[in-house]
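Visitor: I'd like a close look at one part of this model, along with whatever it connects to. Please pick a spot and walk me through it slowly.

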Amino acid sequence: MKHDTRAPALFFAPFVSSAMRVEPQWIDYNGHLNMAYYHVLFDRAVDEVFSLVGLTRDYVETRHASTFAAECHVLYKRELTEGDLVRVTAQLIAFDDKRLHYYLEMRHANEGWLAATSENLSLHVDMINRKVTPFPADILANIALMKAAHSMMPLPATIGRIIGMPRKSAIRVDEAAEERETETATETRH
């Protein structure tokens, strides 16, 4: 069976999601948006952007394939609170026949400040065999059109960032033990 998923004539660079509101039940005991719900908002935006290339609920039901998250790196930049309105931008960084590498920014919809970023890798999965599989040609063509539009954007500075603490501020166990030994030796000499 042949499937023709037509690409829109134009992909915005970056893609901008619809506005989404921080819901009251998402606020934690710290009085701000719980980290899990940043993921919910990012995921809702991903559904919007993926639908542009034909990766929809209908795609899952008729073609028995979907995308699965393989890796995600979120940076929390500023607190969101109840009722805040946000928008998420998406930039396709790279793709191949089975994977999508993309970057998301969540911004306050009215004031424009950056709340969080998310770098992601998603896999195309055959839902019957539950194995990674190539995108069909029509979907791959749509993804290529999106990438062409997004390739004019500069790469975000945090792409490929590794989690870690700067050496000068990190407290290492061996340093703490050395400090205690020095303090003890000094105390016994007095």
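**A helix and its charged partners**

Guide: Start with the salt bridge between E23 and R44, whose closest N and O atoms are 3.7 Å apart. Keep in mind that this is a predicted model. The pair counts as a salt bridge because the cut-off is 4 Å between a side-chain nitrogen of Lys or Arg and a carboxyl oxygen of Asp or Glu. What does this bridge link? It joins distant parts of the chain: E23 sits in the loop between β2 (20-21) and α1, while R44 belongs to helix α1, 21 residues apart. Both partners are partly exposed, E23 with a relative accessible area of 26% and R44 at 38%.

Now follow R44 into its helix. Helix α1 covers residues 35-52, 18 residues in all, and at 1.5 Å a residue it should span 26 Å; the C-alpha atoms at its ends are 27 Å apart, so the two figures agree. N34 caps the N-terminal end, with a side-chain oxygen 2.9 Å from the backbone nitrogen of A36. After α1 comes G54, which has a positive phi near 100°.

Which residues of α1 are buried? They are Y38, L41, F42, A45, V46, V49 and F50. A bit of helix geometry helps with reading that list. An α-helix has 3.6 residues a turn, so residues three or four places apart point the same way.

The helix also leads you to the largest nonpolar core, which has 35 residues. Its members with the most contacts to other members are L41, L55, L80, L100 and M106. At least two residues of this core come from each of α1, β3 (65-76), β4 (85-95), β5 (99-108), β6 and α3 (137-150). The largest share belongs to α1, with seven residues.

L100 is a good place to stop inside that core. Setting aside neighbours within four places in sequence, L100 is in contact with F50, L55, L92, A94, F95, N120, L121, S122, F135 and I143. F50, one of the buried residues of α1, is among those contacts of L100.

Back to the charges for a moment. Side chains of opposite charge can pair when their charged atoms come close. The structure holds four salt bridges, and two others are worth comparing with the one we started from. D138 and R63 meet through their side chains at 2.9 Å, N to O. D138 is in helix α3 and R63 in helix α2, so this pair ties together parts 75 residues apart in sequence. Are these partners buried or exposed? D138 is buried, with a relative accessible area of 14%, and R63 also counts as buried, at 18%. Then there's R99 with D96, where the closest N and O atoms are 2.4 Å apart. Here R99 is partly exposed at 41%, and D96 is partly exposed at 25%.

For contrast, look at a charged residue that has no such partner. E119 lies in strand β6 (residues 114-126). E119 is buried but makes no salt bridge, and R161, the nearest side chain of opposite charge, is 8.6 Å away. That distance is no use for a salt bridge, because the pair would need to be within 4 Å. So what does the side chain of E119 meet instead? The side chain of H101 makes a 2.7 Å polar contact with that of E119. A polar atom of the E119 side chain also lies 2.9 Å from the backbone nitrogen of G160. Beyond four places in sequence, E119 touches E71, C72, H73, H101, Y102, T158, I159, G160 and R161.

Before you leave, check a few backbone spots. R63 belongs to α2, and H64 falls in the loop between α2 (57-63) and β3. H64 isn't a glycine, yet its phi is positive, near 55°; the residue is partly exposed, at 38%. R130, in the loop between β6 and β7 (131-132), likewise has a positive phi near 55° without being a glycine, and R130 counts as exposed at 53%. Finally, the peptide bond from A13 to P14 is cis, with omega near 0°, and P14 lies in the segment before β1 (15-16).

Technical notes:
Residues numbered from 1 in each chain as written. Predicted model: local features only at pLDDT ≥ 70, side-chain atom pairs only at ≥ 80, totals over all residues. Heavy atoms only, no water. Helix = DSSP H or I, 4+ residues; strand = E, 2+ residues; numbered from the N terminus. Buried < 20%, exposed > 50% of the residue type's maximum accessible area, 1.4 Å probe, protein only. Lys, Arg positive; Asp, Glu negative; His and termini not counted. Polar contact = N/O pair within 3.5 Å; in protein donor to acceptor, adjacent residues only side chain to side chain. Contact = heavy atoms within 4.5 Å. Expected span 1.5 Å × (residues − 1). Core = buried A, V, L, I, M, F, W, Y, C linked by side-chain atoms within 4.5 Å.
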